[in-house]
Amino acid sequence: MAFYDLIVVGAGALGTFHAYHAARAGQRVLLLEKDAYPAGATVRNFGQVVPSGLAGRWFDYGRRSLEIYKAIQQETDLTVRANGSVYIASDADELALINELHDRYVSVGYPCELLTKARCLAQYPALQPDYVLGGLYFPDEVSVEPEQMVHRLIDYICQKYKVTYQSGSAVIDCQSNYNGAIVTLAGPRQTNRQRFQADRLLLCSGHEVRLLFPDIFADADLIISKLQMLMTEPMPDVALRGNILTGLTIRRYESFRECPSYAGLTTPDYLAELKQWGIHILFKQATDGSFIIGDSHEYAPATRVEDLGYHTQAHINRLILNEARRIVRFPVEPIRKEWAGFYSQTDKEIFEYDVDEHIRIITGIGGKGMTSGAGYAEASIRQWLGVAV
Ligand SMILES: Cc1cc2nc3c(=O)[nH]c(=O)nc-3n(C[C@H](O)[C@H](O)[C@H](O)COP(=O)(O)OP(=O)(O)OC[C@H]3O[C@@H](n4cnc5c(N)ncnc54)[C@H](O)[C@@H]3O)c2cc1C
């Protein structure tokens, strides 16, 4: 049986960034992924790295994540593009919120700039003039290509930091013993199942809560969110660069909830159905010119994820596309791909649970994992392993 300092189960953003930081600190790390390649939330998202939308310590982790993404990008192409983020306000309430957020970020030294309507349209000519009242621009924020980033990160940590990565390796059992933890992988014959031992084991299984420690997860109050996403055909002639976040996002993201006028915010009638489905409209142009457009939010307890259905709903897609048409001037159809993404979340910011002194569970980072996961994982490894990272 092979021995490691740390075994990480789950090669999404959370697991892989934990593996990265531990290996950088000199730990011998084994990263195990049940699928042939990661196919969870980490590859199904927009790839927007937007600390501006986060609050509290998650904003700080997001800022640190920007530095980490940019530092790794200096060494290998992680698909990081430094095109900034912009929030587009479409009415007076949203305009008030972006002004208030601007003032707060100026006071903490986070670079941002208010854009007039004319500046928004000059910088983003693909926007519908009727939609735009003003914008708030964050020049330091970046985006990544979600379908590629984590695979490249895994290659990088294996080559540079000698992480051992094994995909197609579903962990079906984790046990502590007197000198660490042992994992058992699914395999054809019980007598012949692969086992690995490490001083410590970290489970970052995303929204998979039934294979391992089901009793703990049953009591964890985790909620699964299902998001519908769409991708257009490539439109290389349309330039709408960076992370584009719009009015409903201003009405939704945590950072705006801390602004003084948020408490008095009301929902206009024409947005009521969109809010009911948790819809807010984001755009992210991929390198081939196609646009990812989304998203919606439906919720179920983590132990009842099947209640969210295996299908995407045409009605939700129509609502997303109709609102997108109010915002941009280019044709948002035909749609090339549509999919659903799932993540786990909790009302306690993240789910961190020590099974015992050797085994820790971390999941439930919600919709902020691509933005804050790299910085959070650094602090997490530092605290848990007591190593300098
Ligand atoms: C549609 C969508 C859009 C989003 N957009 C953004 C965005 O633009 N910006 C942002 O910051 N965040 C975004 N998010 C959130 C972000 O994607 C998640 O927070 C993040 O990817 C969660 O990472 P994770 O590692 O916890 O989970 P996952 O990516 O789901 O990874 C968990 C991994 O664990 C593996 N696993 C589970 N059980 C086992 C086992 N027993 N053995 C071995 N392997 C196992 C799974 O196969 C999986 O690969 C979005 C999410 C979705 C769904």
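**Exercise 1. Which residues come nearest to the ligand, of the 40 around it?**

Before we start, a word on the ground rules: this is a predicted model, where local features need pLDDT of at least 70, side-chain atom pairs count only at pLDDT 80 or more, and totals for chains, interfaces and linings use all residues. Residues are numbered from 1 along each chain as its sequence is written, and side-chain values use heavy atoms, with hydrogens and water left out.

*Step 1.* Collect the residues near the ligand, meaning those with a heavy atom within 4 Å of it. There are 40 of them, and Glu33, Thr42, Gln48, Gly366 and Thr371 come nearest.

*Step 2.* Sort the shell by class: 19 residues are nonpolar, 15 polar and six charged. Here Ala, Val, Leu, Ile, Met, Phe, Trp, Tyr, Cys and Pro count as nonpolar, Asp, Glu, Lys and Arg as charged, and the others, Gly among them, as polar.

**Exercise 2. Find N or O atoms of the protein that lie by N or O atoms of the ligand, and say how much of the ligand is covered.**

*Step 1.* Begin with a side chain: a polar atom of Thr42 lies 2.5 Å from a ligand oxygen.

*Step 2.* Turn to the backbone. An N or O atom of Val171 lies 3.0 Å from a ligand nitrogen, and one of Gly369 lies 2.9 Å from a ligand oxygen.

*Step 3.* On its own, the ligand has 1000 Å² of accessible area (Shrake-Rupley method, 1.4 Å probe). The protein covers 96% of that area.

**Exercise 3. Find the cis peptide bonds at Asp295 and Pro334, and the positive phi at Thr79.**

*Step 1.* Recall the background: most residues other than glycine have a negative phi, and most peptide bonds are trans.

*Step 2.* Go to Gly294 and Asp295, which are joined by a cis bond with omega of about -5 degrees. Asp295 sits in the loop between strand E15 (291-294) and strand E16 (298-301). Helices (H or I, at least four residues) and strands (E, at least two) are DSSP runs, numbered from the N terminus.

*Step 3.* Move on to the bond from Glu333 to Pro334, also cis, with omega near 5 degrees. Pro334 belongs to the loop between helix H11 (314-327) and E17, and E17 is the strand 335-345.

*Step 4.* Finish at Thr79, which is not a glycine but has a positive phi of about 75 degrees. Look for Thr79 in the loop between helix H3 (56-75) and strand E4 (85-89).

Terms used: Polar contact = N/O pair within 3.5 Å; in protein donor to acceptor, adjacent residues only side chain to side chain.
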